[in-house]
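Student: Hey, I've got this thing open on my screen and I'm not sure where to start. Can we go through it together?
Tutor: Sure, pull it up and ask away.

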Amino acid sequence: MSHDAPAGRRTGGEGGNVLTAAAVAAAVHGELRGDPAATVSRVAPLDRAGPGDLTFLASAKYAGLLEARADGVGVLLVTSELADRAGIAAARVVVANPHEAMLSLLGALYPGPRHVAGVHPTAVIGRGARLGEDVAIGPYVVIGEGAAVGAGTRLEAHVVVGAGTVVGERCHLFPGVTLYPGTVLGDRVRVHAGARLGSDGFGYVFRNGIHDKIPHVGRCVVEDDVEIGANTTIDRGSIDDTRIGAGTKIDNLVQVGHNVRIGRLCLLMAQVGVAGSVRVEDGCILAGQAGISGHLTIGKGARVAAQGGVFGDIPAGETWSGYPARPHREALRAQAAMFRLPALMRGLERLLGGKGT
Amino acid sequence: MSHDAPAGRRTGGEGGNVLTAAAVAAAVHGELRGDPAATVSRVAPLDRAGPGDLTFLASAKYAGLLEARADGVGVLLVTSELADRAGIAAARVVVANPHEAMLSLLGALYPGPRHVAGVHPTAVIGRGARLGEDVAIGPYVVIGEGAAVGAGTRLEAHVVVGAGTVVGERCHLFPGVTLYPGTVLGDRVRVHAGARLGSDGFGYVFRNGIHDKIPHVGRCVVEDDVEIGANTTIDRGSIDDTRIGAGTKIDNLVQVGHNVRIGRLCLLMAQVGVAGSVRVEDGCILAGQAGISGHLTIGKGARVAAQGGVFGDIPAGETWSGYPARPHREALRAQAAMFRLPALMRGLERLLGGKGT
Amino acid sequence: MSHDAPAGRRTGGEGGNVLTAAAVAAAVHGELRGDPAATVSRVAPLDRAGPGDLTFLASAKYAGLLEARADGVGVLLVTSELADRAGIAAARVVVANPHEAMLSLLGALYPGPRHVAGVHPTAVIGRGARLGEDVAIGPYVVIGEGAAVGAGTRLEAHVVVGAGTVVGERCHLFPGVTLYPGTVLGDRVRVHAGARLGSDGFGYVFRNGIHDKIPHVGRCVVEDDVEIGANTTIDRGSIDDTRIGAGTKIDNLVQVGHNVRIGRLCLLMAQVGVAGSVRVEDGCILAGQAGISGHLTIGKGARVAAQGGVFGDIPAGETWSGYPARPHREALRAQAAMFRLPALMRGLERLLGGKGT
């Protein structure tokens, strides 16, 4: 059989919907130049766009790519400064921010998979479990006793919903997600493939020569409109709950420890680690691979830079970075000094030879 | 349907068991004050405890929370200093360490899910596989040819036990765990959802213009009483085995490379990475996101702080931190000096202007 | 039932094939001393090898281990300097590099599991999906509508192949792998257990008081001969594709963000994180836990040391390390200076007392 993995085929496949240049211009409040009846059915970056593709030009340095498309492109979103650059396009739509305009059109071009309600015959549904209207339950899903799944929610293949777990309405759980018993999801929560919510926290007491396990009886509560990335892990609480606030977005391979409270509208980027009992207040941003030690508070709207290692509370609104993390400007100055130090070191040691410690 | 995700409901759900105040006092060797017949059926933190809840007060700064519970609480574990603080409780039990007493009661209140032996009809059992007495095999489990599963072991939904794999007695594998062929688990091993044991190590030789894969024929051996966190990965050995010592506990999203030997009673916290052929001796603690480079030895009882980057052997009993990791006090001094450096830098450069390198 | 988890049994189980000492010598172009008809059926490290085992001795410091094997070993691969050291071996084969010779024989001794073509009756195959000749589809595999799986490819238990996905020939997907719709794999791609390819990238625009999700309509394209580790996550592109170049090898728990381009023949070690829109050119090596910030370019053949935190482009061929990453020698000098600084600090502050800032 044939396939086209290494080939330079255009991205995104077919979009499902077709938009005219006139519809594009109306949707983005842009100025239409060219054929209002020209159509596009998908998006592509400028270096690979063709007729029928929606693309954009926002910087003069990429203008040559437009000229290079011998067949031309479908509809070009473009700034007024670049609107007259050479190159074939069935239509141009002049807007202030072509990239943002492009993103705003994706939903119209790519409506996403249709929600097909139904319960696959292979799904195993525990006693007393309740399924809301129009749920879509995929193959080999396992739903525990007494669990509740809200209306319009989709559980893809191999999802496991533990006993007594509550999943809200219009959620989407991708393949292989595990919700341990004692997990609660709000409405419109998206959980990507392989994420594990509600696993036991890492809690032991060393006694009688062993690490004796502390039972974990708290819950893992995820509020409305949260999105959780692939293979991310969020532990349940020991006595109290672990809680993820409404509208917060969590990337792939993130670890959230037991009893952690994440506020509303936070962003946790990939591979971030949040140790037990940390409180992250509303609107915080933790960049990739950052780590927060246990029992700390990250104040409202604070930010931690990538790989930051946080060992103390961060006041609201501040940006910290480095290891150990400090206010970003202080960290930058210390790093700059450190990299200038070797050049000074020889003279320094000579100077201090008779006066040092 | 309704659900209660964002609500402030009490934690932990029903506990399953009911304890009287007299039983609580007896179990923790505490002094009972109040109604010995008062009952509790679950635990809650003080700010959300109500009648019927077991809770604790260990610090004067939280005493106001007790007073604020208008309905009072069920049984309060409390120190002698705080035993007379205002607030309603059906009974108080005076102990030296209320938090520890609370943890010690969790097992009695929350007995955990009952072990229900049986093999789900959808489980696929390979030829020659042997199942011990009273195993509990969940839906869609796949057990390879010639594998052995010990008595009383529980395999939850979608667990895959590779061909020839050996799983000991009274183990608990949570949903979606994969044991590659050549994995061996001792007794009472707990493996959380999505952990992958025995995958090929990352070993290639660059020859003939490609990264040529080195076959991995060693095993992944996990000794008794080990617990392994969600989505953690432990590679098999190339020629020798990878081995995790008895009683060691490993958190979520940890990576253990090929041929690694982890000793007994170690703690590896979340997102730790241990590169190939490292030897971690007994009783070591590797804190979150720490990384150990290949072929090193971490001596008995040594500790590595969070995010530590270890590029050399660590002697027994020492605590190292930082990047590159050094003995903790040395690392702290160097970091402190680094952050004081910018303030000194201008004067320093003036001083060295005519004398530097 | 019995099992042998904590026992010191030899590694690797039976090898399946038997080789004579003469065949070993011929395969590695070595000089045979001893019985040409002696046979081996598996490999073992020298400290646990016995009769019938192939083992090696490459360093004088391990020669005592050979002497200690009272029953002797089967065939010993050994350097000419060490060929006469005491100890029993049915045969010795003298080669320049015994360890490399050992690795080169693994394929002959351990042929790997036989490919058994067939589709398990529990596999769920979507409408219009095409399966090539001799595919091996395991239990509870789910293949989406219109997907294509190439000849000779093996999908182990619980693999999910999304709608419209293309998998090449002779690929091997281990248990629990998820390919989101829009993923394309070339030929001979190996994907280890629990890896997730093609999940949505972490892209939001903050507007109207929420983090508004940017649709992801690009693909995740993996070229020929790539190997991907357990529980690794690779996001699809937003508009453009995410692409992994031919012959690149990716370890466990790695995160690759949306729109990233990884070149050919790269090595990404465990827990590496590559943020969105990064370009990693051919032949790069990113060591464990390294992180690359968004939109950067890592030049051809460049290397990043373990835990390196990269915040700027790296020129071709360079090795960078540290946080923030700098050319390796510069980083080493700065670190060395930092650790010498505390000893100088007191004298320094005295000196600058009247002259500093």
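Tutor: One bit of vocabulary before we talk about how the copies meet: two residues are in contact if their C-beta atoms, placed from the backbone, lie within 7 Å. Also, keep in mind that this is a predicted model.

Student: Okay. So do the copies meet through the same surfaces or different ones?
Tutor: Different ones. Only 18% of the interface residues of chain B are also interface residues in chain C, so the copies meet through different surfaces.

Student: How many residues does each chain put into the contact between A and C?
Tutor: Chain A gives 55 residues and chain C gives 68 residues. On the chain A side, the elements that supply two or more residues are α3 (98-109) and α4 (328-352).

Student: Which of them gives the most?
Tutor: That's α4(A), with ten residues. Sorted by class, the side of chain A that touches chain C has 30 nonpolar, 20 polar and five charged residues.

Student: And what about B and C?
Tutor: There the contact takes 67 residues from chain B and 55 residues from chain C. Several elements of chain B give two or more residues to that side, including β19 (183-185), β21 (196-199) and α4 (328-352). The largest share, 13 residues, comes from α4(B). By class, that side of chain B has 31 nonpolar, 24 polar and twelve charged residues.

Student: What turn lays chain B on chain C?
Tutor: A turn of 120°, with a shift of 0.0 Å along the axis, and the RMSD is 0.1 Å. That is the relation of a three-fold axis.

Student: Cool. Let's look at one chain. What is chain A built from?
Tutor: Its secondary structure comes to four helices and 40 strands. The radius of gyration of chain A is 26 Å, well over the 21 Å that the globule rule gives for 357 residues, so chain A is more spread out than a compact globule. Along its principal axes, the C-alpha trace of chain A spans about 80 × 80 × 45 Å.

Student: How much of chain A is buried?
Tutor: Buried residues make up 58% of the 357 residues.

Student: Which domains is chain A divided into?
Tutor: There's domain 1 (19-109) and domain 2 (119-325), going by a domain assignment. Their C-alpha centres lie 40 Å apart.

Student: Now the helix at the start of domain 1, α1. Which of its residues are buried in chain A?
Tutor: In α1 (residues 21-28) of chain A, they are Ala21(A), Val24(A), Ala25(A) and Val28(A). They cover an arc of only 95° around the axis, which puts them on the same side of α1(A).

Student: Why would residues three or four places apart point the same way?
Tutor: An α-helix has 3.6 residues a turn, so residues with that spacing of three or four places point the same way.

Student: What do the buried residues of α1(A) pack against?
Tutor: Five strands and a helix are named there: β1 (19-20), β2 (31-34), β5 (53-57), β6 (73-78), β7 (89-94) and α3 of chain A.

Student: And what follows α1(A)?
Tutor: His29(A), and its phi is positive, near 55°. In chain C, α1(C) is followed by His29(C), with a positive phi near 55°.

Student: Is a positive phi usual or unusual?
Tutor: Most residues other than glycine have a negative phi, and most peptide bonds are trans.

Student: Where does Leu253(A) lie, and what is its phi?
Tutor: Leu253(A) is in the loop between β28 (249-250) and β29 (255-256) of chain A. Its phi is positive, near 60°. Leu253(A) is also buried, with 31 other C-beta atoms within 10 Å.

Student: Then Ser277(C): buried or partly exposed?
Tutor: Partly exposed, with 19 other C-beta atoms within 10 Å; a buried residue needs 20 or more. Ser277(C) lies in the loop between β32 (273-274) and β33 (279-280) of chain C, and its phi is near 65°.

Student: Last one: which residues does the cis peptide bond in chain B join?
Tutor: Tyr323(B) and Pro324(B), with omega about -15°. Pro324(B) sits in the loop between β39 (319-321) and β40 (326-327) of chain B. Chain C has a cis bond too, joining Tyr323(C) and Pro324(C), with omega about -15°.

Terms used. Residues are numbered from 1 along each chain as its sequence is written. Chains are lettered from A and ligands numbered from 1 in the order in which they are written. This is a predicted model: local features need pLDDT of at least 70, side-chain atom pairs count only at pLDDT 80 or more; totals for chains, interfaces and linings use all residues. Ala, Val, Leu, Ile, Met, Phe, Trp, Tyr, Cys and Pro count as nonpolar, Asp, Glu, Lys and Arg as charged, and the others, Gly among them, as polar. Copies are superposed by least squares on the C-alpha atoms of residues with pLDDT of at least 70 in both. The radius of gyration is taken over C-alpha atoms; the globule rule is 2.2 Å times the number of residues to the power 0.38. A residue is buried if 20 or more other C-beta atoms lie within 10 Å of its own, exposed if 12 or fewer, and partly exposed in between; C-beta atoms are placed from the backbone. The arc is that of the directions from the helix axis to the C-beta atoms.
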